[in-house]
Amino acid sequence: MCGIVGYIGNKKATPILINGLLRLEYRGYDSAGISTIENDGLSIMKDKGRVKNLNEIPGIDDLEGTIGIAHTRWATHGKPSKENSHPHQDNSKSFSVVHNGIIENYNELRKFLTDNDYTFYSQTDTEVIPNLIHYYYSKDNNDDDKRILRAVKCAVNDLKGSFAIEVISKYDKDHMIVVRKDSPLVIGANEDEHYISSDIPAILSFTRDFYLLNDYEFVVLSRDSAEFYDKELNKINKDKKTIEWNASAAEKDGYEDYMLKEIHEQPTAIRETIGSRLSENTKIEFDELNFTKEYLSSLNKIFIVACGTAMHAGLAGKNAIEKICKIPTEVDIASEFRYRDPIIDNKTLCIFISQSGETADTIAALKLCKANGAKTLAVTNVIGSSITREADYSIYTHAGPEIAVASTKAYTSQVVLLNILALYFAEILGTCDKVNDYKKDILELPKKIEETLDSCKNINAFAKEIYQEHDIFYLGRGIDETVAKEGSLKLKEISYIHSESYAAGELKHGPIALIENGITVISIMTDSKLVEKTVSNIQEVITRGAKTLVVTNQNVDQKMFDKTIVIPETNPFVSPILSVIPLQLLSYYIAKEKGLDVDKPRNLAKSVTVE
Ligand code: AGP
């Protein structure tokens, strides 16, 4: 859950590294550090606090090195402090290392190294890595140009857990070594320079050509070449991939925050995600999939597994798959799924949703399903991300880079892609006679999202009324309950207000005891079959003094409620894509009213690469 950057070229490394760190700060922001190769050896500057603090360390502007590594941290082992910040060095200060991931056997390795007279200055798991490299380097009597690579390889062989690592050394002032396992790392390439990063958007303004690494691939980088090696240090070939994302997609583009920009990008994100896969009156195309009627008919269950917002998108996906494909579908939280002995076999299709494609719990759940004989399908936003390398099939949302920690456009893109997938299955299976109507509903979404954004123009006034509250409740029935969950999560994440979501009909079975005078209850109503029942439930909380906000496209008596946001009419099948938008904006304006950093909420990181 940290971010790492590297540069090797002919330019001064420090400004490039700091620029990259600022873009990766969403991955962690409690400390930052940098190490460059200078004429007199390795420099190292680091401290707790955000990247801007690092930029203020005296002397940082004087660093002249053109090779360097850098890190922004989200603490796992050891509190945020200068000592625990990366880069870490071995005792002789010959190697500098940055690491993203977790070394699970670090205690054992620490003991081994302590027994061999190494001393530790931090509480981190990472500090074992430079010392192990030093240990193996000093044991190697063969002083050829592969000596550091061999030492890194031996050190990596000892590590259990997940890691993306960059190594520089005072013994070789023209190279950098990188390696990864279960943690993201990409290498951007220009003619005479290489950029290394935990994600593509952070270095997209420098290059569009990338090498994507598999687990246990070692890379020796020089300014103008990249040599790739497998686990046994056999040389391998690797092709570059050109990334189509526009560099400006990773900028704020005049918006105050990434989150606000990403909320407003939803018409485009949905348009792009629909792309050429779906059009009226022609069959849905998924070039990436080759499911047959025989296979789909053989399925006795679909599991959708994900975390957080992606899991909420999965709930909308379940609704679509069960309704139109008639295949029983279960949605699970990845971290629970793994440990509950789910019944999986070759008659189970397992779908994994992950914006980043790097979420450790989701990837671990995928591996479990694969091992049990199920086919696995990843739904992700990041080309070449770890999950796509594990899954049998991958399909992509085309939401563009999502930088704000709180997911918005990725959620709506995931819901739309799952809907399209459900229609694709239904067309193969012949289980739905309204496929063309549903297609029309999907194709109308980009325009309706624009209208929804317009209908939210005054939502900041409601945010001003409620931003000081301590508890807020969200209600809905059916598909609207899945959106209530997402609205509640969004609010918690960025405003730090406690909130809960409930199935509206469940309220009277307990939670209504929490409703007292003045408490805010937010309800979503988009399904004509359920609207009367939900109105009755809202009436129950109004009677007990609640202040109410309703998001609806139904014909209801608006006078009943304190505030109503009317969104365009649509089929409940796709309504989450519209009804979630007022909730995203409400959370955003509440957090702004409280003066909080909406893009980087406390304690959270964008991609959770630890279990
Ligand atoms: C969303 O706002 C959250 N930050 C979080 O719940 C996120 O959706 C979750 O961690 C899953 O991430 P992924 O989609 O990258 O796998």
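The following questions and answers concern a predicted model and the ligand in it. Local features need pLDDT of at least 70, side-chain atom pairs count only at pLDDT 80 or more, and totals for chains, interfaces and linings use all residues. Residues are numbered from 1 along each chain as its sequence is written, and side-chain values use heavy atoms, with hydrogens and water left out.

Q: What makes a residue one of those that surround the ligand?
A: One of its heavy atoms must lie within 4 Å of the ligand. There are 13 such residues, and the closest are S354, Q355, S356, T359 and E493.

Q: Why is the pair formed by the ligand and the side chain of S354 called a polar contact?
A: A polar contact is a pair of N or O atoms within 3.5 Å. An oxygen atom of the ligand is 2.6 Å from an N or O atom in the S354 side chain, so the pair qualifies.

Q: Which polar backbone atoms lie within that limit of a ligand oxygen?
A: One belongs to S407, at 2.8 Å, and another to T309, at 3.2 Å. The protein buries 90% of the 410 Å² that the ligand exposes when taken alone (Shrake-Rupley method, 1.4 Å probe).

Q: Which helices each supply at least two residues of the shell around the ligand?
A: They are α9 (308-325) and α17 (479-495); a helix here is a DSSP run of H or I with at least four residues, a strand a run of E with at least two, numbered from the N terminus. The largest share, three residues, comes from α9.

Q: What makes the ligand count as sitting in the largest pocket?
A: More than half of its atoms must lie within 2 Å of the pocket's grid points. The ligand sits there, so this condition is met.

Q: What is called a pocket, and what volume has the largest pocket?
A: On a 1 Å grid over the protein atoms alone, a pocket is an open set of points where a 1.4 Å probe fits, with protein on both sides within 12 Å along at least five of seven lines. The volume, the space filled by probe spheres set on the points, is about 620 Å³ for the largest pocket. Of the 30 residues that line this pocket (an atom within 4 Å of a point), the closest to its centre are C307, G308, T309, K606 and V608. Helix α9 gives the most to the lining, with five residues.

Note on methods:
Polar contact = N/O pair within 3.5 Å; in protein donor to acceptor, adjacent residues only side chain to side chain.
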